[in-house]
Amino acid sequence: MKNKLGLFILYLLSSFASADWLDVNMPVGVTDISQEVFTLHMAIFFVVVAIGVLVFGFLFWSMWRYQKSKNDKPADFKENHKLEILWTVIPTLILVAMAIPASMTLKTIYDHEAEEGGIDIQVIGWQWKWQYKYLDEQVGNKPLSFFSNLTTPPDQYEFNRVEKSENYLLEVDEPIVIPVDTSVRFLITSNDVIHSWYMPDFAVKQDAIPGFINVAKTRVNEPGIYRGNCTELCGERHAYMPIVVKAVTRDEYDAWLQTKRDAAEELAYLTEKEWTVDELMSIGEEIYATRCAACHQADGSGIAGFYPALAGSDIVMNDKARQTEILMEGIRGSQMQSFAEQLNEVEMASVITFTKLSWGNERSGDGEIVLPKDIVEYKENDT
Amino acid sequence: MSSETVGHQKYYVPEKSSIPIVFAIATFFAGMGAANAITGNGSTMLIAGMVAVVFTMAYWFATVTRESMAGLDTPQLNTSYVYGMGWFIFSEVMFFFAFFGALFYIRSFSITWLGGEGAKGIAGDLLWPEFEAVWPPMITPEQSLLGDQATTVGPKENMYLHSLSGALTWLPLWNTVVLLSSSATVHVAHMALKENNRKRFNFWLGITVLLAFIFVILQAVEYYEAYAHLGLTLSSGVYGTTFFMLTGFHGMHVLIGGIFLLTQLVRSTGYNHFSDKEHFGFEAASWYWHFVDVVWVCLFLFVYIL
Amino acid sequence: MSAVVENHNHDDHHHGPAKGFMRWLTTTNHKDIGTLYLWFSFAMFLLGGAFAMGIRAELFEPGLQLMDPIRYNQLVTMHGLIMVFGAVMPAFVGLANWLIPMQIGAPDMAMPRMNNLSFWLLPVAFTILLSTAFMEGGLPGFGWTFYAPLSTNYPNVAFFVFAVHIMGISSIMGSINVIVTIMNMRAPGMTLMKMPLFVWSWLITAYLLIAVMPVLAGAVTMLLMDAYFGTSFFDAAGGGDPVLFQHIFWFFGHPEVYIMILPAFGITSHIISTFSRKPLFGHASMVYAMVSIAVLSFVVWAHHMFTVGMPLAAELFFMWATMIIAIPTGVKVFNWCATMFKGSITYETPMLFAVAFVVLFTIGGFSGLMLAITPADFQYHDTYFVVAHFHYVLVPGSIFSIMAAVYYWLPKWTGNMYDEKMGRLHFWLSFVGVNVTFFPQHFVGLAGMPRRYADYSLQFAEWNAVSSVGAFLFGLSQLLFLYIVVKTVFAGKKATPQVWDGAEGLEWTVDSPAPYHTFETPPKVNG
Ligand code: HEA
Ligand code: HEA
Ligand code: CUA
Ligand SMILES: [Cu+2]
């Protein structure tokens, strides 16, 4: 009821602004909590506007009424205890009235208990992508897990070389999929620095703290695609790690799970296949552009002081084993992360091959290639 | 302060002076040098800067002393010094407050949560299943995850009081005795000075300085033990971190306080500076000393015993 | 140094300033030092402002036009650091230096040489900080809040740490000086409750500084140890917690934002009363309000951390404590209104800035209160709504009050009146500019635009363009300010000692420009 009123008033106000009114206010969202938060927001907003109208009204009136030209004789009163008590007590009461609903809503949000039939998804922030692990869904012997990377191509953001797409910076290769009308718990953490998982339509924003878990529980009422961002400064590509959630019906969700399981089986077959260098190079090029270029740059030149160049790197050119190890394990204490979970065997082999055969490395280095089965082998030896 | 106003005589305002700007430049080299040294770019600048800082500071204090001996100080200026020193010590208290705060937080929240207990114990359950919430932790969460053996053999030997029977061979106890008695001796020295008994003053002040340096030596021994035999180092997890940072900063303050007191001793024996009424330099040093002592008592309680 | 002693034996204090450049390096005079602080802070304001122009130019439209995101983060970080530690704080210290001794009838600050050192450490600290621009890895780019572990793995963080240490030492010495001066050097008859409000506001600010700057020093020290010496304060793998860093930082950080507003309250109180030609309403309650704000500021820090996942009880506590601050702040706003009520008001430039301060600061306060509502903050946090909030309290808040103060006391400092027409023009341009810049940021913030973003999605484009245009307008108008001040220093109508009809206080009893040494014999303050 209250939030309908809020919306209506906002709608009126919006006729003054040129932009669409949705663009100037908090989204109402698609969960009970987000609607409650919206109502709370509008309520405080109107309270402060009302106080503002009173205070500024009085101030502007005094400014006008008591200009020197209208009032030559200033009064000389210095205090008035009754008045002072009044304007201490009234704001106190207003604040108490605000604190009560706010505290109640907060308490609801803080109910973190798992629910019957709900699902738990571990959310892991990485520089600069999100990993989602469905803790109750097994694929093979591991929980279903995938990474969600930005798909907006650099041509759109660097120097605006091409027209921007509709969901510029808000599109990913693999959205997280959840069923509607189901309690979903996000168990949020991070692999490196602090990120923050922000989904405006659910009124969820929780920091991803490395080594700790923050819980956010939600229940989406309407199917749809929802977009959000990382909201904690996490390094240079902080603006480039969006979140996309696809809320679907239970049936669609189950079907999606099945496709994930099928894909896993397909992959096992692919690692057996005979690969040509060209095939590896074309997969590798794409992987490099989306996963590596952010740091090591598209031309492999790196950024001095931050990221080493891969073009001309001794490891890349001549030390296949070490490079595989770096990509599989990451380099501890640096931003070079492990890609073992992010890339499958084919992709891993391709990207290594790509770095070894690009930017002149093919001429100065040993020119060898890495095949998917090498990666499978590495994994077997490792365990 | 009461709201009563303060008497106002002619207040000594020094004329232009080049000490501060020299000091600022010295600080520049010290700061820049320290950063260079830490990032592995050599420590020449740091050493030069520190030498310059120490010399300018010494010269500055000497100047103030000279002015004071020349009778430029009014009681009002002395009051300024008293307040100034008081609030300086307060700022030091707040510096230690930050580190104690960190210790409390780590002990009561982060270790607990990582160990799977408390409001956010889910972190331990999901991410560090093998880690247990005990203080002091002998093994870090990371080691527990990798299945590594603890590298710290533990507080059983030295750092941490594990049984009353071992108390007598326990270094921190002796450190406490040394420091507490130095607080007493500095007080005795002060009493002596107030009675204008210079001999006794010098004697007790000398003892205090001696105790200060004994403390520093004992602590060095303790650190050596920790590194050489207990595997407790700065980088062996939060226990090492909090242990060395808290005791280390305290130790540094003991050293500074000791030098401060030594300076007063030299002023008294070598230059005959103090009188029964006028001895603020010594008083400031002794306040500083009591402050260092109080910090130790807190350390002893929260780092060693509890 | 024996020269010092000798001079004194002449018992002759009426030296003018030394000649030439050395005057500024070696001065112990509170007015000189105040001037140094003010020019330094103005230079830093221009530099930080130039960085802000860079930010706004990049954000003018979506996409990366002018810089890569590393450069962008460095701009944002340095903009925040420079504005906070280089512009606002030194400006207030400069005002304190000029005004406190004159307002309490003291001959100078209590420790004049240390005063000089406090100032000169600032250029030292900023040189160290900015020197990283010429190193591999460049300027810090981890935000002015330098959260671990982003900062612990950042290049050149050691330089940042020592720069902050030196700034901290400077602030601590500065505030010791202020406290001692106020406590020990008031003219006879000037009881605490008779003390002018600017002096009061600074006394409280100095206590805040002295309590929190060492905590900041602790925070950067831990950071340094984690970054270079393998400790694990902020590393869960060793048993620490990244959130611990935030607790320590904000224990400093929140009082810090009040450090940037309390002196502004003092300034505003003087100016409103002067131009209303009426005594300030509720002098005592103003003091109590500031004291309560200062005390409360120590127990609200975690409202910056509502989303880090604190336990419920903590969230509730920090929400309630934060809301309470609206009460004493409200008292101040109401008192200013009541001061103007039944006054006889004129609107010279200082008054225009002061009234704009009251209105726009209050708007910033309102959005602050909205941020304090934890569940709603889950939506607001780290979006442009927060950016809008703090620029409203800082730019038309702190910065406007500093400008008001400069116009108000400039005739006293230079002996010349500034050009009133130009002053008003500067005001109106700034007033329009500031609102056009920061009001739309509320909108994009509510709609979900995160802060510290070099690039953003398309729905935020229109309002960002508006905001950038406003920022350029505001930025250019500040060049007008520079021009007005410089012109006044060298020429202008001569000012009377009283300067403004309604002004009260000891500083108006001495000549304009104020003599190099004032109140060598203390004035008598009547009861
Ligand atoms: C001068 C600096 C200044 C001042 C004065 C304030 C004042 C206040 N601030 Fe602000 N704040 C900042 C500077 C400042 N802030 C900065 C720099 C940040 C961001 C830091 C960063 O992350 O980089 C920040 C961030 C910030 C946050 C964190 C937001 C987030 O990151 O999610 C919060 C949350 O509670 C907050 C709250 C408040 C409140 C409640 C006040 C109150 O003091 C305001 C009180 C005033 C009023 C309320 C108006 C007048 C009152 C009346 C007219 C009385 C009647 C009113 C009522 C009863 C409603 N501030
Ligand atoms: C007192 C502090 C203060 C002040 C005065 C300002 C002043 C301004 N700020 Fe700043 N700001 C902060 C404190 C301050 N800010 C802080 C703490 C942050 C957070 C940092 C962080 O996230 O870590 C921040 C962040 C911040 C952001 C968010 C960046 C992001 O999150 O990505 C933006 C974006 O618009 C911004 C803009 C501005 C503008 C346009 C001004 C203008 O008011 C500036 C106007 C002044 C001038 C322009 C100087 C004078 C003119 C010249 C030098 C001539 C050149 C002029 C032209 C070329 C036109 N600021
Ligand atoms: Cu991840 Cu910002
Ligand atoms: Cu705050």
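1. The shell around ligand 2 in this predicted model consists of 24 nonpolar, eight polar and three charged residues. In total, 35 residues surround ligand 2, and the closest are Arg56(C), Tyr72(C), His79(C), His391(C) and Arg452(C).

2. Several helices of chain C build this shell. At least two residues each come from α3 (30-58), α4 (69-104), α15 (384-414), α16 (420-446) and α17 (461-490) of chain C.

3. The iron atom of ligand 2 has as its protein donors the NE2 atoms of His79(C) and His391(C), which lie 2.0 Å from it. These two histidines link distant parts of the chain: His79(C) belongs to helix α4 of chain C and His391(C) to helix α15 of chain C, with their positions 312 residues apart in the numbering. The arrangement around the iron atom of ligand 2 is octahedral, because its six donor atoms subtend angles of 88 to 179 degrees; for six donors, that class requires opposite donors to be over 155 degrees apart and all others to lie between 65 and 115.

4. Both histidine donors of ligand 2 merit a remark on accessibility. His79(C) counts as buried because its relative accessibility is 15%, and the cut-off for buried is under 20%. His391(C) is likewise buried, with a relative accessible area of 13%.

5. Polar side chains also approach ligand 2. An N or O atom in the side chain of Tyr72(C) is 2.5 Å from an oxygen atom of ligand 2. For Gln441(C), the corresponding distance from a side-chain N or O atom to an oxygen atom of ligand 2 is 3.3 Å. A nitrogen atom of ligand 2 lies 2.8 Å from a polar side-chain atom of His391(C), a residue that also donates to the iron atom through NE2.

6. The second iron site is in ligand 1. Its iron atom has His389(C) (NE2) as the only protein donor, at 2.2 Å. His389(C) is placed in helix α15 of chain C, the helix that also holds His391(C), a donor to the iron atom of ligand 2.

7. Around ligand 1 there are 32 residues, of which Trp144(C), Tyr258(C), Asp377(C), His381(C) and His389(C) come nearest. The site is shared between chains, because residues from chains A and C surround ligand 1. By class, its shell contains 20 nonpolar, 10 polar and two charged residues.

8. Three side chains of chain C place an N or O atom at a short listed distance from an oxygen atom of ligand 1. The separation is 2.6 Å for Tyr258(C), 2.8 Å for Trp144(C) and 2.8 Å for Arg451(C). The elements giving two or more residues to the shell are α8 (242-259), α12 (326-340), α13 (349-372) and α15 of chain C. Of the contributors, α13(C) gives the most, with eight residues.

9. The copper ion (ligand 4) is 4.5 Å from the iron atom of ligand 1. Its protein donors are His254(C) (ND1), His303(C) (NE2) and His304(C) (NE2), at 1.8 to 2.1 Å. In sequence these donor residues are spaced H-x48-H-H. The pair His254(C) and His303(C) links distant parts of the chain, 49 residues apart: His254(C) is in helix α8 of chain C, whereas His303(C) is in the loop between α10 (283-296) and α11 (312-324) of chain C.

10. Accessibility values are also available for two of the copper donors. His254(C) counts as buried because its relative accessibility is 3%. His303(C) counts as buried at 13%.

11. A final point concerns the cysteines. The search of the whole structure finds zero disulfides over all chains. For Cys292(A), the closest cysteine sulfur is that of Cys295(A), and the 8.6 Å between them is too far for a bond, because a disulfide requires sulfur atoms within 2.5 Å. Cys295(A) is accordingly in no disulfide, with the sulfur of Cys292(A) as its nearest cysteine sulfur. Both residues are buried: Cys292(A) has a relative accessible area of 11%, and Cys295(A) one of 16%.

Technical notes. Residues numbered from 1 in each chain as written. Chains lettered and ligands numbered in written order. Predicted model: local features only at pLDDT ≥ 70, side-chain atom pairs only at ≥ 80, totals over all residues. Heavy atoms only, no water. Near = heavy atom within 4 Å. Polar contact = N/O pair within 3.5 Å; in protein donor to acceptor, adjacent residues only side chain to side chain. Helix = DSSP H or I, 4+ residues; strand = E, 2+ residues; numbered from the N terminus. Nonpolar A, V, L, I, M, F, W, Y, C, P; charged D, E, K, R; others polar. Donors = N, O, S within 2.8 Å, 3.2 Å for Na, K, Ca; no water. Tetrahedral: all angles 85-135°; square planar, octahedral: opposite > 155°, others 65-115°. Buried < 20%, exposed > 50% of the residue type's maximum accessible area, 1.4 Å probe, protein only.
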